[in-house]
Each structure stands twice: as C-alpha cells, then as structure tokens.
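I opened a new page for this structure. I wanted to look up how confident the model is, then one helix, then one patch on the surface.

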Amino acid sequence: MSSTTNNNNNNSKEEYDDAFTKAASFAFAQVFPAILNAAIDMNLFDIISKAESSLGMSASEIASKIPKQHSEMGSRLERMLPSLVARSLLTCSIRTINEDGDTERVYAVSPVGKYYTSTHHDEQGGSWIVMSTITYQGCRHIWKDTKDAILDANNHNHFQKVYGKMAFEYMETDTELGNLFGQAMSQAGSLGLKQVLNAYKGFEGVSTLVDVGGGYGQTLKQILFQYPSIKAINFDLPHVVKNAPPHPGIEHIGGDMFKTVPKADAILLKHVCHNWGDEECVKFLRNCYEALPPHGKVIVLDALLPEIPKSTSFKDTQAVDLDFLMFLVNGGKERTEKQFEKLCKTSGFSRFQVACNDSSNVVAVMEFYK
Ligand SMILES: C[S@@+](CC[C@H](N)C(=O)[O-])C[C@H]1O[C@@H](n2cnc3c(N)ncnc32)[C@H](O)[C@@H]1O
C-alpha cells in the first residue's frame with residue numbers, strides 16, 4: 001500500500017515537473033525560429049553536410065567556411081548550434097583535441113536537418129528551406145497583433161488588414177514575396193507528394209488531368225514521372241503561370257478558377273481548398289463539377305484536421321498550426337473529414353471518400369465523385 005502511495009506521489013511530481021518544463025519552453029518559443037532561420041541564411045546545413053570527417057565539423061571548422069570572417073565567429077556559432085542539436089536538426093559528439101584531454105563539440109547534419117540542405121532539394125526534389133523563410137521572414141508582419149484577428153470584429157482577413165490586399169492579389173504586385181511563395185510551394189509541396197504517390201493509385205487510368213491552382217506545375221511534373229501517358233494541364237492565375245517553366249506533357253493555362261476551369265476527366269486541388277472559406281470553395285468546386293464528365297472526380301490533397309489534436313503527434317500539431325496560418329493569411333482553413341464531406345456534397349458531388357491518410361504525412365487524399 002505504501003508503495004502505491006509513493007508511486008502516486010512520484011507521478012504527480014513528474015506531472016508537475018513536466019508541466020513546469022513545457023510551460024517554460026513556450027515562454028522562450030520565439031528563440032528557436034530565429035536560430036533556425038539564421039542557420040538557413042548562413043547555409044549552415046549545407047556547410048556541415050559537406051564535412052570531410054564522418055563525425056562532422058567543429059564550430060571553428062564551420063566558421064572557416066563562412067564567407068564573412070572574424071575571429072569570434074567560431075565561439076558565436078557555438079552559441080546557436082546546440083539549439084539545433086536540441087531540436088534534432090544536428091547531431092553532436094565530443095572530440096579530444098590534444099594530449100591534455102581538452103575536447104570540442106563536433107556537429108553533423110541529422111536526418112531531420114537534411115531537409116534543410118540544398119542537396120536534399122536537388123536529390124529528393126524538395127526541402128523545407130524556402131517554406132521556413134517565407135513563414136518566418138515573409139510573413140513577419142502578420143505575426144504582429146495576432147490577437148486582433150480574433151478580437152477585432154471588422155478584421156475578416158488579417159493579411160488584408162496588414163498589407164491592404166488579399167494575399168494572392170498582393171503577391172501579384174510584391175513580386176519578391178510572390179516568387180518566394182512560388183518557390184516555397186514547389187520545394188515543400190513535392191516532399192509530401194512523394195509519399196502520396198507511393199500510396200495512392202487513383203491517377204491510374206486518368207487520361208486528362210487538370211491541376212487547379214497548380215503553381216509552377218511541380219506537382220504535375222512528379223505525377224507525369226509516374227504516369228507519363230496523362231495529358232496534363234497546369235491551371236493557375238496568369239501572373240503565376242507566366243513564371244512556370246515549360247515541361248514536356250504539361251500545358252500551362254492562366255485563368256481564374258472562380259470563373260471557369262479547363263475540362264478534364266480528373267481535377268487535382270492540392271493545398272487549394274485550405275486557402276479559402278466554405279463559400280468560396282463551393283464556388284470553384286462547382287466549376288470543377290461542370291468541367292468533369294459523368295463519374296469524373298476531383299482529387300483533393302490537404303491536411304485533415306483531427307477532431308481532438310494529440311499533443312504527442314507532429315502531424316496533428318502541424319495540421320492545427322497550418323489551420324491558424326491559413327486563417328491569418330487567407331481567411332482560409334484546414335478541415336476535418338466531416339467538414340470535407342459536407343463541402344463535397346454541398347458542391348453537388350455524389351460521393352466522398354478519404355482515399356489515403358498516412359500517419360506520417362500531413363497531406364491526406366480525398367476524392368469527390370461526380
Ligand atoms: C497554396 S498554393 C498551392 C500550389 C500547389 N497546388 C501546391 O500544392 O504546391 C495555392 C495556389 O492557388 C492559386 N490560386 C489562387 N487563386 C486562384 C484563382 N482564382 N484561380 C486559379 N488559381 C488560383 C495560387 O496562385 C497558388 O498557386
């Protein structure tokens with residue numbers, strides 16, 4: 001009996017300690033994004049991944065590869081690298097450097113950190129580099145006064161309030177942000193798609209596929225690699241397709257999905273529904289319905305919001321954070337399975353199904369059948 005009492009006491013002390021540490025870490029949560037983005041700006045992941053020793057590089061060796069040099073560079077780097085180790089982006093080991101037994105830390109890029117190297121982008125077709133930059137630096141003005149997005153009854157779109165225009169309209173004039181966004185979507189978008197294409201076989205038998213809101217056509221490029229016989233149309237706003245590189249088998253068409261959508265036997269909407277509220281989604285989904293033959297389908301790729309987010313799930317955390325980002329930037333939202341089904345039926349489609357929802361991928365695949 002006394003051991004049960006002790007266990008209970010231990011549990012509550014552990015719970016208390018856990019709550020205390022977690023709460024404290026949130027108070028300093030702003031520090032890590034600053035470090036990650038400084039590391040990206042200095043190309044640290046690329047520099048460290050090219051280490052000659054398999055153990056990695058010391059801070060002073062990393063410092064020697066940075067174009068701008070000064071004598072304190074190594075010791076200053078030593079102040080930020082451990083934070084990247086604590087977040088699993090780098091690994092760290094200790095190396096003895098002289099006969100007196102003095103040691104130094106040696107850093108290497110971990111499997112997580114590889115997603116922030118340009119080689120990962122070149123070899124695996126994607127990375128999180130530009131997405132991180134645009135979320136941290138490109139969106140920095142929207143992080144200010146975030147509470148107004150909730151409290152101010154007249155603030156229906158936080159991005160518009162801050163920048164004076166809706167996001168996609170604004171990016172037409174701020175070409176630097178627009179290009180950064182285009183790059184971020186094509187670099188990051190292809191990462192989740194690789195997993196989707198391994199699991200989802202719904203592109204088999206499709207003869208014409210339109211990617212509505214397809215950006216620079218990166219998604220279609222990947223799909224065509226696996227399904228080369230598909231006739232592919234990349235449909236996006238005229239100022240976006242203007243910058244889309246030509247690719248064999250892909251026709252780029254500029255237009256407005258709220259007006260009309262090119263005809264096809266399947267239509268892809270990847271990370272498009274989440275940019276919009278329900279009313280707007282129903283408008284372009286009805287245009288998709290019109291563009292499809294009988295029994296044609298819309299393939300929706302988006303996050304699926306959990307009914308109750310689990311604090312232990314990276315996927316759930318990412319989905320709910322994306323939801324808030326969409327709310328701030330576009331007045332859009334991520335959706336639960338039930339909300340997607342409702343959207344499907346309200347837009348006139350006869351059948352809804354979740355075709356794929358991998359636990360390690362925030363992107364799920366849903367099908368809306370005509
Ligand atoms: C979040 S991005 C998704 C890009 C791409 N599908 C992907 O997953 O990488 C949304 C896309 O919708 C496009 N878009 C926004 N409004 C549009 C409209 N009215 N008609 C067509 N495309 C539009 C944007 O230009 C942008 O490329």
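My entries follow in that order.

**Ground rules.** I am reading a predicted model, in which local features need pLDDT of at least 70 and side-chain atom pairs count only at pLDDT 80 or more, while totals for chains, interfaces and linings use all residues. Residues are numbered from 1 along each chain as its sequence is written, and side-chain values use heavy atoms, without hydrogens and water.

**Confidence.** I looked up pLDDT, the predictor's confidence in each residue, from 0 to 100. The protein has a mean of 91, and 96% of its residues reach 70 or more. Over residues 1-7 pLDDT stays under 50, and I found 0 contacts (heavy atoms within 4.5 Å) beyond four places in sequence there. For the complex, the predictor gives an ipTM of 0.99 and a pTM of 0.88.

**Helix α14.** Helices (H or I, at least four residues) and strands (E, at least two) are DSSP runs, numbered from the N terminus. I noted that α14 covers residues 278-291, and that its end C-alpha atoms are 20 Å apart, which agrees with the 20 Å expected for 14 residues at 1.5 Å a residue. The expected span is 1.5 Å times one less than the number of residues. Its buried residues (under 20% relative accessible area, 1.4 Å probe, protein chains only) include Phe 284, Leu 285 and Asn 287. The buried residues of α14 pack against β6, β7, α16 and β9.

**Leu 151.** I found Leu 151 in helix α8. Leu 151 counts as exposed (over 50%) because its relative accessibility is 63%.
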